[in-house]
Amino acid sequence: MKNFENRWFVITGASEGIGKALAEGAAQKGAHILLISRSQEKLNTAAIDVKAKTIRTDQKILTTACDVTKFDTIKSVLEDFVRENGTPDYLINNAGFAQPGYIQDLTIDDYRRMMDLNYFGCVHTTKTLVPHFIKAKKGHILNVSSMAGFLGLFGYSGYCASKFAVIGFSESLKRELKPYNISVSVLCPPNTKTPGLDKENATKPKEVLMTEEKAKTVSASVVAKAALDGLTKKKFMIVPTFDGELAYRLNRYVPAVIEQFVKRPE
Ligand SMILES: NC(=O)c1ccc[n+]([C@@H]2O[C@H](COP(=O)([O-])OP(=O)(O)OC[C@H]3O[C@@H](n4cnc5c(N)ncnc54)[C@H](OP(=O)(O)O)[C@@H]3O)[C@@H](O)[C@H]2O)c1
């Protein structure tokens with residue numbers, strides 16, 4: 001299925017992990033892509049892999065090194081992009097990180113850094129591109145949250161708050177932007193094998209690791225496939241796995257059932 005043929009994607013955090021898998025998946029379906037992350041070196045390597053997945057020689061795979069937490073910088077990158085390539089069809093706000101830890105061990109700066117990247121990173125790009133989407137009367141924004149964006153997990157108070165914020169931001173914008181033919185989706189992956197998860201695992205409290213033993217870790221390509229299918233179907237809430245979808249529904253409709261799986265061991 002080549003349903004992203006000639007569509008432009010802007011993907012943040014695209015040099016590795018889920019962002020790169022999303023870029024590879026979109027490339028396989030004929031899209032043009034702007035990959036954004038901070039390190040140009042990592043972007044160069046990723047662009048080679050993404051280019052290798054393209055199905056036509058005229059697909060454009062561009063890279064720009066930029067920190068999405070800096071509003072003026074990302075705004076200027078995106079305005080330049082629109083001037084040169086037109087309004088993109090898809091904006092994927094994927095750049096993010098998790099710093100697990102108990103509140104007595106995390107610093108205020110840890111809380112702020114997660115909010116800055118996971119939440120304000122989405123706000124900065126969206127705020128810049130929405131006027132262009134409105135003018136073009138089209139656009140689809142995918143914000144990457146997490147299962148920790150709908151489940152308040154112990155050991156994740158900073159991360160959960162930032163990812164709950166992403167869902168609230170997305171749900172509000174979904175309603176606000178619908179009259180302009182702009183769609184909004186939110187992706188809630190489970191634990192996914194990425195460089196980010198490796199870093200996160202190194203600092204997880206032992207009780208968190210014990211609780212997570214029962215949960216499956218999936219590959220970034222599984223998450224990307226679910227996300228791209230969800231975009232095609234214009235789904236709002238995209239929870240990639242059966243277990244994840246079940247957890248989402250149980251938490252929403254019978255929260256007492258989910259409690260036994262997420263409580264902190266005594
Ligand atoms: N992996 C999981 O288990 C999991 C589960 C649920 C949700 N998620 C969410 O999925 C998203 C991707 O996670 P991941 O595990 O794939 O992450 P990852 O492997 O750590 O990759 C993160 C990407 O974001 C870029 N990045 C980091 N800070 C940035 C900044 N300030 N500005 C621009 N780019 C930045 C990184 O490149 P540079 O270092 O070059 O900037 C990299 O390309 C995140 O939002 C994460 O919270 C992940």
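**View 1. Aromatic pairs of the predicted model.** In this predicted model, the structure holds 8 aromatic pairs. One of them joins Y119 and F120, whose rings are edge-to-face, with 4.9 Å from centre to centre and 65° between the planes. Y119 is partly exposed, its relative accessible area being 21%, and F120 likewise counts as partly exposed, with a relative accessibility of 34%. F150 and Y248 also form an aromatic pair that is edge-to-face, here with 5.0 Å between the centres and 75° between the planes. Because F150 lies in the loop between β5 (139–144) and α5 (157–177) while Y248 belongs to helix α9 (residues 242–253), this pair ties together parts that are 98 residues apart in sequence. Both residues of this pair, F150 and Y248, are buried.

**View 2. An aromatic cluster, and charged residues placed over rings.** F4, F9 and Y90 come together as one aromatic cluster. Elsewhere in the model, a lysine, K174, lies over the face of F236, at a distance of 4.5 Å from the ring centre. An arginine, R264, is placed over the face of Y102, and here the distance from the ring centre is 4.2 Å.

**View 3. Helix α3 and its two faces.** Helix α3 runs over residues 71–85, and its 15 residues, at 1.5 Å a residue, should span 21 Å; the C-alpha atoms at its ends are 21 Å apart, so the expected span and the model agree. The buried residues of this helix are I74, V77, L78, F81 and V82. They cover an arc of only 135° around the axis, and therefore they lie on the same side of α3. On the face of α3 that is turned away from this buried side, the helix carries the exposed residues D72, R83 and E84.

**View 4. The surroundings of helix α3.** The buried residues of α3 pack against the strands β1 (8–12), β2 (32–37) and β3 (61–65), and they also pack against helix α4 (108–136). The residue that follows α3 is G86, and the phi of G86 is positive, with a value near 85°.

**View 5. T126 in helix α4.** T126 is found in helix α4, where this threonine is buried, with a relative accessible area of 3%. When residues up to four places away in sequence are not counted, T126 touches L91, N93, I141, N143, F169 and L173.

**View 6. Cysteines without a disulfide.** The structure holds 0 disulfides, and the cysteines in this view show how far apart the sulfur atoms lie. For C122, the closest cysteine sulfur is that of C188, and because the two sulfur atoms are 12 Å apart, they are too far from each other for a bond. C122 itself counts as buried, at 2% relative accessibility. For C188, the closest cysteine sulfur is in C160, at 11 Å, which is again too far for a bond. C188 also counts as buried, its relative accessibility being 0%.

Technical notes
Residues numbered from 1 in each chain as written. Predicted model: local features only at pLDDT ≥ 70, side-chain atom pairs only at ≥ 80, totals over all residues. Heavy atoms only, no water. Helix = DSSP H or I, 4+ residues; strand = E, 2+ residues; numbered from the N terminus. Expected span 1.5 Å × (residues − 1). Buried < 20%, exposed > 50% of the residue type's maximum accessible area, 1.4 Å probe, protein only. Arc of directions from axis to C-beta. Contact = heavy atoms within 4.5 Å. Phe/Tyr/Trp six-rings, centres within 6.5 Å; stacked < 30°, edge-to-face > 60°. Lys NZ or Arg CZ within 6 Å of the ring centre and 35° of its normal. Disulfide = S-S within 2.5 Å.
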